[in-house]
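Reader: I have a structure to look at, and I would like to understand the words people use for it. Could you walk me through them?

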Amino acid sequence: MEIIRSIEEFGLKNKNQSIVLAIGMFDGVHLGHQQVLAATCQSSFQISGLAAAFTFPKHPASYLRPGKEPPLLMDASQKAEELLDCGMKAVVMREFNREFSSVEAEDFVPFLKDRIPSLHGICVGKNFRFGKDRVGDSEFLKLKSEEIGINVEVIDSKVLDGEAISSSRIRIALASGGIELVNEMLGRPYSVHGIVQPGKAMGRKIGFPTLNLDWEPQCRPVYGVYAGFLTRESSAKRLPAVANYGLRPTVENQALLPRLEIHSIEELDHMEWKTGIFLKMELCHFIRAEKKFDSLDDLKFQISKDREQARELLDKLS
């Protein structure tokens, strides 16, 4: 399994193997994307070929409409990891640039075929658009692909509660505290990955030691308290935890950057859980919005309540 930045390099390395290509932005790699990826795997299996994803590290709108692009749900490395976990044997992570944006819709498939001579099939979602000014749709893709002998499979949107799952719908839910809905649409818990940073030990002083991540995604969850599970790198053990994401208004007057502060409900060995380790925090439930308390005693009382509520919620998931 590999990540390749050049479509030409990918085509050259796999010139003797039939390729089925999933194409899309795949931001979030949600259940709708997973349907496209599953179809890609199935098609490649039927021809003893190789399933690969073709995507971009940044949203195309960041090139076409700078400053107006939607915030991404995950960075390029996280996306590549999720795509590989969904069965892709390779991920082509090409920059969206002038050359790519100027390809006419009718020339799009020949553009791919010239660079991937062994291209056998393409899988896309129903709402896939391509070509200069995004004039090409999935039906036009099928028409143009059939002309040069490439099979195209168009996958319908995945629907939840009567509405199509989409990256934009996930962004809205994330910003409004709907983490449970986010997780339903992702098909997995929304996860934060990062390296533990040194803090001011304020949590330890008030009886709730925390692991601190200076985590600032493009698409921020609403500031507040979450219940979830904590995992160390290379460990399968998930520990129940409660976390606050935000600016810490009770203890810091003018914090400029948000931080994720994670308190394990189970006692940790602080020789193992320390500054510099890589960890993952799954956000499973939204408990409350972040707020400023009148005193540290009020904060301690609320954290205690948050911890118990988190324990109750997570016990149901264990």
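Author: Happily! Let us begin with a charge and a ring: the charged end of R115 sits over the ring of F111, 3.7 Å from its centre. Please keep in mind that this is a predicted model, where local features need pLDDT of at least 70 and side-chain atom pairs count only at pLDDT 80 or more, while totals for chains, interfaces and linings use all residues. Residues are numbered from 1 along each chain as its sequence is written, and side-chain values use heavy atoms, with hydrogens and water left out.

Reader: What makes the charged end of R115 sit "over" the ring of F111?

Author: The rule asks for NZ of Lys or CZ of Arg within 6 Å of the ring centre and within 35 degrees of the ring normal. R115 is listed as sitting over the F111 ring at 3.7 Å, and R238 likewise sits over the ring of F229, 4.1 Å from its centre.

Reader: Why is the pair of Y63 and F96 called edge-to-face?

Author: Rings of Phe, Tyr and Trp (its six-membered ring) pair if their centres lie within 6.5 Å; planes under 30 degrees apart count as stacked, over 60 as edge-to-face and the rest as tilted. Y63 and F96 have their centres 6.0 Å apart and 65 degrees between their planes, so edge-to-face is the right word. Y63 lies in helix α3 and F96 in the loop between β4 and α5, so the pair ties together parts that are 33 residues apart in sequence. Helices (H or I, at least four residues) and strands (E, at least two) are DSSP runs, numbered from the N terminus.

Reader: Which word fits the pair of F108 and F130?

Author: Their centres are 4.9 Å apart and their planes at 40 degrees, so this pair is tilted. F108 is in helix α6 and F130 in the loop between β5 and α7, 22 residues apart. Both rings belong to one aromatic cluster, whose members also include Y63, F96 and F111.

Reader: How do you know whether F108 and Y63 are buried or exposed?

Author: Buried means under 20% relative accessible area, exposed over 50%, partly exposed in between (1.4 Å probe, protein chains only). F108 has 3%, so it counts as buried. Y63 has 32%, so Y63 is partly exposed. F96, with 15%, is buried.

Reader: What makes D27 and R171 a salt bridge?

Author: A salt bridge is a side-chain nitrogen of Lys or Arg within 4 Å of a carboxyl oxygen of Asp or Glu. The N to O distance between D27 and R171 is 2.8 Å, so the pair qualifies. D27 lies in the loop between β2 and α2 and R171 in helix α8, so the pair ties together parts that are 144 residues apart in sequence. D27 is buried at 3%, and R171 is buried at 14%.

Reader: How many salt bridges does this rule give?

Author: The count comes to 14 salt bridges. Another one joins D214 and R259, whose closest N and O atoms are 3.2 Å apart. Salt bridges that share partners also join E8, R94, E99 and R115 into one network.

Reader: Why is strand β3 called mostly covered?

Author: In β3 (residues 50–55), 6 of its 6 residues are buried. L50, A52 and F54 point one way and A51, A53 and T55 the other way. In a regular strand the side chains alternate between the two faces of the sheet.

Reader: How do you know that β2 and β3 are paired?

Author: Two strands pair if DSSP finds at least two bridges between them. Here 5 bridges join β2 to β3, and the strands run parallel, so they pass the test. L21, for example, has A52 as its bridge partner in β3.
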